[in-house]
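Work through these exercises with the model open beside you. Try each task before reading its solution.

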Amino acid sequence: MDRIGEPTEARARVLPGQVVDTTPVPPRQRFEFWHAVVARETAPAHISSSHLHDFHAHARVVDLGRASLTALRYPSLHSTRPPALVRRCEADVYQLALPASGRSALTQDRQEAELRLPAEFTFLDASRPHVASHWTTGPDPLDNVTVQIPHRELPLAPDQVRRLVAARLRADEGMGALLAQFVRRIATHPDQYGPADAPTLAGVTLDLVSATLAQHLDRTADLPVEVRQTALRAQIDAFIDQHLGDATLTPAVVAAAHHLSPRSLHRLFADTGPTVAATIRSRRLDRCRRDLADPLLAGLPVQAIAARWGFGDKAHFSRAFRAAYGCSPRAWRDDARTRRTQGPAARR
């Protein structure tokens, strides 16, 4: 993230972007500062708020190249983008907004939507006039993650996409749930990725957005094959994570759950490295390693932790753990306990 005073070396290790924070600005200048800076990152609009006297707000923009994500935190506000502003500065982008708190209302193309649940997206076309309101339902400010996508990057016909403006799109089921989880993770933890990851993250973001919109339009079959494959792979990855504790989870079970033949499932994973079986095993081992180092689980036997993540055979688990991490599960737990006890001195 690009922030005033941050060393160039630190900026080079994370995804490109910008952080805007009104805290250092004098209270009565905060709203104007926010309005001026944020309007350059999105479509210019007329913004008003009941918190003009002290507008506490924060924005983290993550630039992925072909798409951008923004994590926002701000007080209640009202935004209008009239035709005059649209003509003055065209912004040929679609915007999906996922609120984590508060309520939102959006009007565009004679369509209206009001969101009362954080498990919904709002969708708008920034190249067309619209009105939006966001307000808190308690003392805390609003939290919101938005995805901005240029029109040209969406492989759906514009007349079809227009049917979704100001619509309520579910973010807790189907492709919408996968998209919500994915963009929240990137927008709130961009430090976990580097600049080299941006093209891949942008590609997955675009494919998940396309699949989410196509699902709501019942036009999934119209998507390019590679987009459908990315969406299917995301569904399978989520399914595996949700069922790691089930000892009966196998590639055959994964294939059946997604109406695929075992051969089709294998082909889907073939271009990305590990097989389905290897993916299941490595994720189970990673969960076991994490739990073995967790002081809150120190009283739980090693085999109980192994069984918790689908390893029913003690000897098999020990062999797999040693092959992956170079030590036994018990040695890993003992070493983690030593590091906690001795503190920083144990890590020098």
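**Exercise 1: A strand and its partners**

Start with one pair: R73 stands opposite D143 in β11. The model you are looking at is predicted.

Task: Find which strands pair with β11 through 7 bridges, and in which sense they run.

Solution.
- Step 1. R73 lies opposite D143, and its strand, β4 (residues 68-74), is joined to β11 by 7 bridges. The two run antiparallel.
- Step 2. Now take β6 (residues 93-99). Here too 7 bridges lead to β11, and the sense is antiparallel. L98 has V145 of β11 as its bridge partner.
- Step 3. Check the cover. β11 spans residues 142-150, and 8 of its 9 residues are buried.

**Exercise 2: The whole sheet**

Task: Write down the order of the strands in the open sheet, then name those at its edges.

Solution.
- Step 1. The sheet has 7 strands with antiparallel pairing, in the order β1-β3-β4-β11-β6-β9-β12.
- Step 2. The edges are β1 (17-21) and β12 (168-170). Each has a single partner strand, so one side of each has no neighbour in the sheet.
- Step 3. From one strand to the next, the twist averages 20°.
- Step 4. Look at the β12 edge. β9 (residues 120-125) pairs with β12 over 3 bridges, antiparallel. T122 stands opposite R168 there.
- Step 5. Add the helix. α6 (residues 198-217) lies across β3 (58-63), β4, β6, β9, β11 and β12. Its angle to β11 is about 95°.

**Exercise 3: Two faces of a helix**

Task: Decide which residues of α9 are buried, and why they are on the same side.

Solution.
- Step 1. α9 covers residues 262-270, and its buried residues are L265, L268 and F269.
- Step 2. These residues span an arc of only 90° around the axis, so they sit on the same side of α9.
- Step 3. Recall the helix rule: with 3.6 residues a turn, residues three or four places apart point the same way.
- Step 4. Turn to the face away from the buried side. It carries the exposed residues R263 and R267.
- Step 5. Ask what covers the buried residues of α9. The cover includes α7 (225-242), α8 (251-257) and α10 (276-292).

**Exercise 4: Cysteines**

Task: Count the disulfides in the whole structure, and explain why C327 forms no bond with C288.

Solution.
- Step 1. The search finds 0 disulfides.
- Step 2. For C288, the nearest cysteine sulfur is that of C327, 13 Å away. That is too far for a bond.
- Step 3. Compare the accessibility. C288 is buried at 0%. C327 is also buried, at 17%, because the cut-off is under 20%.

Terms used:
Residues numbered from 1 in each chain as written. Predicted model: local features only at pLDDT ≥ 70, side-chain atom pairs only at ≥ 80, totals over all residues. Heavy atoms only, no water. Buried < 20%, exposed > 50% of the residue type's maximum accessible area, 1.4 Å probe, protein only. Helix = DSSP H or I, 4+ residues; strand = E, 2+ residues; numbered from the N terminus. Pairing = 2+ DSSP bridges. Arc of directions from axis to C-beta. Contact = heavy atoms within 4.5 Å. Disulfide = S-S within 2.5 Å. Axes fitted to C-alpha atoms, helices over the stretch in contact; angles between N-to-C directions.
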